[in-house]
Amino acid sequence: MRAHFVLSEIGVGLRRNVTMTLAVIVSVALSLALLGGSLLAREQVNSMEDYWYDRVEVSIFLCNANDADSGDPNCARGAVTEEQKEQIDAELGEYALVDEVYYESSEQAFEHYQEQQRDSPIAAVVTPDQMQESFRVKLTDPTKYDVISSAFAGRDGVQSVRDQRSTLEPLFNLLNGVNYAALGLMALMLVVALLLIVNTVRVSAFSRRRETGIMRLVGASSFYIQLPFILEATIAGVLGAVLACVLLIGVKYFAINNFLANEISVIDFVGWDAVISVLPFVLAVGALMPSIAAFFALRKYLKV
């Protein structure tokens with residue numbers, strides 16, 4: 001009988017406040033979709049950082065005759081000698097931080113430049129002797145680039161030491177900024193959802209104040225009186241969470257798998273396992289957030 005009464009009260013409350021309930025469902029769905037999207041975006045950025053940073057190389061560019069003749073202060077003592085190259089190569093092999101070392105001659109650098117810049121008019125006038133020899137160093141920990149830079153920058157025969165991370169960090173900073181913006185928008189939407197939940201519960205309680213008053217008089221407990229209102233908010237929250245899960249699945253299937261993955265092949269996008277791992281958290285937040293908000297909103301309102 002009690003369960004039937006509670007269920008009937010929930011049905012009455014949902015029917016009386018159908019527009020506000022729909023508003024709660026939509027706002028919860030949008031906020032939780034942004035929450036899930038932010039979590040997946042964070043994982044995507046971490047995955048991309050791990051992927052690209054593992055492929056980052058430190059390049060030690062060596063002085064050539066053109067650098068010395070042009071007055072480059074780093075090459076004031078002339079072009080690199082064979083002895084200096086052998087010394088640099090030997091010292092690189094002594095570092096435990098160094099995983100692999102590749103030597104690129106000026107001829108190889110010229111071939112790579114011609115392949116990469118074949119459509120550029122400058123490529124036609126560049127000659128092999130203008131290209132720099134270099135050592136391409138792959139590190140076991142790319143974040144410790146400064147160890148190599150401090151050891152080899154400024155020595156005789158070395159024109160410069162460059163880290164490819166500097167070209168990737170602006171991209172990752174931009175992605176992190178977008179992720180933080182999504183988190184901020186998600187927080188704003190959660191506040192809106194909480195306010196809607198509180199107002200919906202209070203309007204529902206006010207419309208049934210006579211029934212709750214009678215229940216108080218016959219000795220019903222506070223929790224028993226509050227239970228239908230809490231469950232109404234919980235149902236609305238769960239429906240919003242389910243809608244958020246559908247949105248996340250739809251974005252993964254249509255926008256990522258069937259569009260972005262085909263257009264941007266260099267990025268390994270997050271898989272279904274990442275999406276599925278986020279869905280239970282979204283559902284849990286969708287169930288707990290409205291019920292807790294309703295509980296605290298009703299404590300004072302239904303107090304006699």
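User: What does arginine 155 count as, at 21% relative accessibility?

Analyst: The idea is to see how much of a residue is left uncovered: under 20% relative accessible area is buried, over 50% exposed, and in between partly exposed (1.4 Å probe, protein chains only). Arginine 155 has 21%, so it counts as partly exposed. Keep in mind that this is a predicted model, where local features need pLDDT of at least 70 and side-chain atom pairs pLDDT 80 or more, while totals for chains, interfaces and linings use all residues. Residues are numbered from 1 along each chain as its sequence is written, and side-chain values use heavy atoms, leaving out hydrogens and water.

User: Which residue forms a salt bridge with arginine 155?

Analyst: In general, side chains of opposite charge can pair when their charged atoms come close. The rule here asks for a side-chain nitrogen of Lys or Arg within 4 Å of a carboxyl oxygen of Asp or Glu. Arginine 155 pairs with glutamate 91, with the closest N and O atoms 2.8 Å apart. Glutamate 91 is in helix H4 and arginine 155 in the loop between helix H6 (145–152) and strand S4 (158–163), so you're looking at a link across 64 residues. Those helices (H or I, at least four residues) and strands (E, at least two) are DSSP runs, numbered from the N terminus.

User: How many salt bridges does the count come to?

Analyst: Five, by this rule. Lysine 85 and glutamate 133 make one of them, at 2.7 Å from N to O. Lysine 85 sits in helix H4 and glutamate 133 in the loop between helix H5 (106–116) and strand S3 (134–139), so the bridge ties together parts 48 residues apart in sequence. Both residues are buried. Then there's arginine 136 with glutamate 104, at 3.0 Å. That pair runs from strand S3 to strand S2 (residues 98–104), 32 residues apart. Shared partners also join Glu82, Lys85 and Glu133 into one network.

User: Where does the disulfide lie?

Analyst: A disulfide is a covalent bond between the sulfur atoms of two cysteines. The search accepts sulfur pairs within 2.5 Å, and it finds one in the whole structure. Here it's cysteine 63 with cysteine 75, their sulfur atoms 2.0 Å apart. The link is left-handed, at -80 degrees about the S-S bond. Cysteine 63 is in the loop between strand S1 (57–62) and helix H3 (65–69), while cysteine 75 is in the loop between H3 and helix H4 (82–93), so parts 12 residues apart get tied together. Both cysteines are buried.

User: Which residues touch the most other members of the largest nonpolar core?

Analyst: A nonpolar core is a set of buried Ala, Val, Leu, Ile, Met, Phe, Trp, Tyr and Cys residues joined through side-chain atoms within 4.5 Å. This one has 30 residues, and Val28, Leu32, Ile197, Val201 and Val282 touch the most other members. Helices H2 (18–53), H7 (165–207), H9 (222–263) and H10 (272–301) each supply at least two residues, with H10 giving the largest share, nine. Take leucine 32: beyond its neighbours up to four places away in sequence, it touches Leu190, Ala241, Ala244, Val282, Val285 and Gly286. Another core, of 16 residues, lies apart from it and includes Val58, Val98, Tyr145 and Val161.

User: How many helices and strands are there in the protein?

Analyst: You can trace 10 helices and four strands. Buried residues make up 40% of the 304 residues in the protein.

Methods:
Contact = heavy atoms within 4.5 Å.
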